[in-house]
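Subject: Handing over a structure, with notes on what was found

Dear colleague,

I am passing a structure on to you, and I would be glad if you could look through it alongside the notes in this message. Please open it first and keep it in view while you read.

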Amino acid sequence: MMQTIWKGAINFGLVNVPVKMYTATEDNDISMKMLHKDYNVPIHYAKTCVKCKEEVEWSDVVKGYEYEPGHYVTFDNKEMDALASSASREIQILDFVDLEEIDPIYYQKTYYLAPEKSGMHAYSLLLEALVATNKIGVANVTIRSKSSLAAIRAVDGVLSMVTMHYAEEIRARELIPNLPKKAKINERELDMAKMLIEQLSAKFEPDKYKDEYRERMLAAIEDKVEGKDVKLAPEEKKNNVIDLMDALKASLKQSKIEPAKKTAEAKKMAKTHKKKAGA
């Protein structure tokens with residue numbers, strides 16, 4: 001059962017759509033605790049004051065902004081809540097745009113939006129209108145005292161919201177070190193690179209991509225629990241191809257072999273299943 005993390009309303013024009021928000025994704029990282037290596041017990045972290053050297057309770061914590069070294073202006077929880085005000089309960093759509101106009105670099109985290117009982121009709125209306133026009137809404141939203149842009153879109157019959165960075169939060173490409181200057185590209189190399197991209201092109205099927213590191217980690221944990229030696233993955237063969245053209249040729253050859261290999265394996269598996277079914 002999903003847990004509601006936020007309640008409010010989507011506003012566009014004078015239309016109000018009451019909604020509840022749910023996290024659309026989950027973190028499948030394997031949780032590891034920090035232990036003292038001599039005793040295998042968890043390490044606890046305490047909030048301590050650099051002045052009195054004592055542990056500080058949450059009730060004695062305020063937020064502060066350092067406007068110059070060593071000097072702060074502070075805000076308690078009531079002041080922070082007052083600053084958020086009613087805006088923290090509104091998703092105010094500012095514009096409707098085409099999805100392809102937004103570069104993925106702006107996207108942060110995805111949420112599902114479900115209707116409140118009083119807003120079923122308005123929810124369905126906005127959902128159908130977004131599908132019919134193939135548009136998404138760009139909105140302002142404040143969640144947990146953090147303001148951000150957001151994209152409101154229809155996904156598989158549900159309204160979703162993706163929080164977005166503001167333009168000033170995207171770092172300038174000029175800050176990236178060692179970017180290559182405009183280089184003259186060999187036409188033959190370019191043609192082969194395009195051929196390789198075509199060979200490796202496929203329909204996006206998210207289920208086929210697996211977290212291989214997580215699978216190796218789970219296997220290692222199971223081995224340790226059972227008292228077995230941890231089996232390390234074999235070292236990958238080093239690729240000695242240095243020349244770019246040679247690398248392209250080898251890659252094209254490999255891309256032709258792999259599908260044929262997979263097809264042969266699939267046929268072999270189907271034949272085995274057929275024999276078992278006949279038995």
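The notes below go from the whole chain to its strands, its helices and its cysteines.

Please bear in mind throughout that this is a predicted model. The chain contains 5 helices and 11 strands, and of its 279 residues 19% count as buried. Among the contacts in the chain with a separation of 6 or more, 59% are made by residues 24 or more positions apart.

The strands are a good place to begin. A closed barrel is built from 7 strands in the order E1-E2-E8-E11-E10-E9-E7, and the pairing within this barrel is mixed. Neighbouring strands of this sheet are turned against each other by 40° on average, direction ignored. Within the barrel, strand E2, which covers residues 15-23, runs antiparallel to strand E8, which covers residues 107-115, and 5 bridges join the two. Tyr22 stands opposite Tyr112 in E8. As general background, strands of a sheet pair through backbone hydrogen bonds, either parallel or antiparallel.

Helix H2, made of residues 120-133, lies across E1, E2, E7, E8, E9, E10 and E11, and it runs at about 75° to E11.

Another pair of strands is E5 (residues 63-68) and E6 (residues 71-75), which are antiparallel and share 5 bridges. Gly64 is placed opposite Thr74 in E6. E5 and E6 form a hairpin with 2 residues between them, and in the turn Gly70 has a positive phi of about 85°.

Turning to the helices further along the chain, H3 takes in residues 187-200, and its 14 residues reach 20 Å from the first C-alpha to the last, close to the 20 Å expected at 1.5 Å a residue. The N-terminal end of H3 is capped by Asn186, which has a side-chain oxygen 2.8 Å from the backbone nitrogen of Arg188.

Ser201 is found in the loop between H3 and H4, and a polar atom of the Ser201 side chain lies 2.6 Å from the backbone oxygen of Ile197. Ser201 counts as partly exposed because its relative accessibility is 45%.

Helix H4 covers residues 212-225, and its span agrees with expectation, because 14 residues at 1.5 Å a residue should span 20 Å and the end C-alpha atoms are 20 Å apart. At the start of H4, a side-chain oxygen of Asp211 comes to within 3.4 Å of the backbone nitrogen of Tyr213. Just after H4, Gly227 takes a positive phi of about 80°.

The cysteines deserve a careful look, since a disulfide is a covalent bond between the sulfur atoms of two cysteines. The structure holds 0 disulfides. Why is Cys49 not bonded to Cys52? The sulfur of Cys52 is the closest cysteine sulfur to that of Cys49, but the two are 3.8 Å apart, which is too far for a bond, because a disulfide needs the sulfur atoms within 2.5 Å. Cys52 is likewise in no disulfide, its nearest cysteine sulfur being that of Cys49. Cys49 counts as partly exposed because its relative accessibility is 25%, and Cys52 also counts as partly exposed, at 44% relative accessibility.

With best regards

Conventions
Residues numbered from 1 in each chain as written. Predicted model: local features only at pLDDT ≥ 70, side-chain atom pairs only at ≥ 80, totals over all residues. Heavy atoms only, no water. Helix = DSSP H or I, 4+ residues; strand = E, 2+ residues; numbered from the N terminus. Expected span 1.5 Å × (residues − 1). Polar contact = N/O pair within 3.5 Å; in protein donor to acceptor, adjacent residues only side chain to side chain. Pairing = 2+ DSSP bridges. Axes fitted to C-alpha atoms, helices over the stretch in contact; angles between N-to-C directions. Contact = heavy atoms within 4.5 Å. Buried < 20%, exposed > 50% of the residue type's maximum accessible area, 1.4 Å probe, protein only.
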